[in-house]
Amino acid sequence: MRLKGKVAVITGAGSGMGEATAKLFAKEGATVVATDINLEAVTSVVEAIRAQDGEALSIQHDVTSRTDWEKVYAEVQATCGKLDILVNNAGIALAKPFLQQTEDDWARTYRINIDGVMLGTQYAIPLMEKNSGGSIVNISSISALTGMAGAGAYTASKGAVRSLTKAAAVDYGKQNIRVNSVHPGYIVTPMSAPHMEHPDYKQHFLNQVALPNLGTAHEVAAAVLFLASDEANHITGIELPVDGGVTAK
Ligand code: NAP
């Protein structure tokens with residue numbers, strides 16, 4: 001088991017990649033603290049993990065709320081006594097042409113996609129310092145590497161996730177805290193399926209991928225697992241695309 005004895009907080013774990021990561025981490029022996037704004041969804045993920053004899057607990061958590069982060073880490077300390085891994089996965093996608101974006105669109109996208117990562121990281125680092133180290137994996141996007149048409153606020157917010165990752169990696173490396181980003185490409189999840197599986201658009205997405213298929217949430221989770229695990233002990237500050245070769249073109 002690749003995460004035996006580790007405690008991992010995963011945000012946005014009620015759906016898509018967060019759900020797949022929570023299930024995979026539990027299978028690999030981690031105690032998973034699965035959080036999501038949608039309590040019903042994340043509770044059902046935790047029930048599925050427990051049904052497979054995994055260890056997990058669910059917490060309702062809005063990543064934009066400092067109070068909610070305090071609640072999550074108080075629960076982690078009380079129940080698990082330490083923190084080894086944080087996966088900042090929760091995010092929203094806003095597909096809206098640049099000129100039509102309002103300040104509210106911009107602010108909401110930033111609040112969830114980057115402020116949420118900042119808050120989670122600020123609270124995780126002191127706990128990881130106490131634990132002589134840890135691993136933070138931030139879910140960015142290929143849009144942070146290449147730009148994405150029609151999604152300026154989303155693209156900019158994911159670029160900020162990429163940069164925050166490198167800044168935190170440099171600042172906390174000597175404390176043995178590793179911080180890396182994963183950049184999913186075209187991955188079919190509840191967030192993306194309405195576009196990617198739409199008969200009018202699916203071929204457009206497939207044309208951009210070098211491999212035969214669009215990605216799955218499990219394929220992203222496998223990359224997150226590697227970076228979170230001790231196998232990646234000398235890896236920090238990297239950006240890992242999981243994109244079937246989109247950015248290789
Ligand atoms: P998803 O299926 O929509 O799952 C995201 C989860 O986060 C949902 O359960 C959502 O709840 C929750 N959430 C939304 N706002 C939140 C908040 N303020 N606090 C806590 N949880 C919140 O999305 P996904 O496709 O798995 O995406 C996961 C991450 O990968 C995101 O950061 C996304 O930007 C990134 N990504 C996705 C793709 C892709 O192709 N799918 C590509 C590149 C990057 P609700 O459903 O109730 O809103």
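The legends below describe close-up views of a predicted model, taking the ligand site before an aromatic pair.

**View 1. The shell of residues around the ligand.** The ligand is surrounded by 27 residues, and those that come nearest are Ser15, Met17, Asp36, Asn89 and Thr189. Sorted by class, this shell consists of twelve nonpolar residues, twelve polar residues and three charged residues. Helix 1, spanning 16–27, and helix 6, spanning 152–172, each contribute at least two residues to the shell.

**View 2. Polar contacts to the ligand.** On the backbone side, an N or O atom of Met17 is placed 2.8 Å from an oxygen atom of the ligand. Two side chains are also shown: a polar side-chain atom of Lys158 lies 2.9 Å from an oxygen atom of the ligand, while a polar side-chain atom of Asp62 lies 3.0 Å from a nitrogen atom of the ligand. The ligand on its own would expose 890 Å², of which the protein buries 86%.

**View 3. The pocket that holds the ligand.** The space that the ligand takes up is the largest pocket.

**View 4. An aromatic pair in helix 3.** Across the whole structure, a search finds four aromatic pairs, and one of them, formed by Trp69 and Tyr73, is stacked, with 5.6 Å from centre to centre and 20° between the planes. Trp69 and Tyr73 are separated by about one helical turn because they stand four residues apart in helix 3, which covers residues 66–79.

Terms used: Residues numbered from 1 in each chain as written. Predicted model: local features only at pLDDT ≥ 70, side-chain atom pairs only at ≥ 80, totals over all residues. Heavy atoms only, no water. Near = heavy atom within 4 Å. Polar contact = N/O pair within 3.5 Å; in protein donor to acceptor, adjacent residues only side chain to side chain. Areas by Shrake-Rupley, 256 points an atom, 1.4 Å probe, with all protein chains shown as cover. 1 Å grid on protein atoms, 1.4 Å probe; cavity = no way out; pocket = protein on both sides within 12 Å on 5 of 7 lines; lining within 4 Å. Sits in = over half its atoms within 2 Å of the grid points. Nonpolar A, V, L, I, M, F, W, Y, C, P; charged D, E, K, R; others polar. Phe/Tyr/Trp six-rings, centres within 6.5 Å; stacked < 30°, edge-to-face > 60°.
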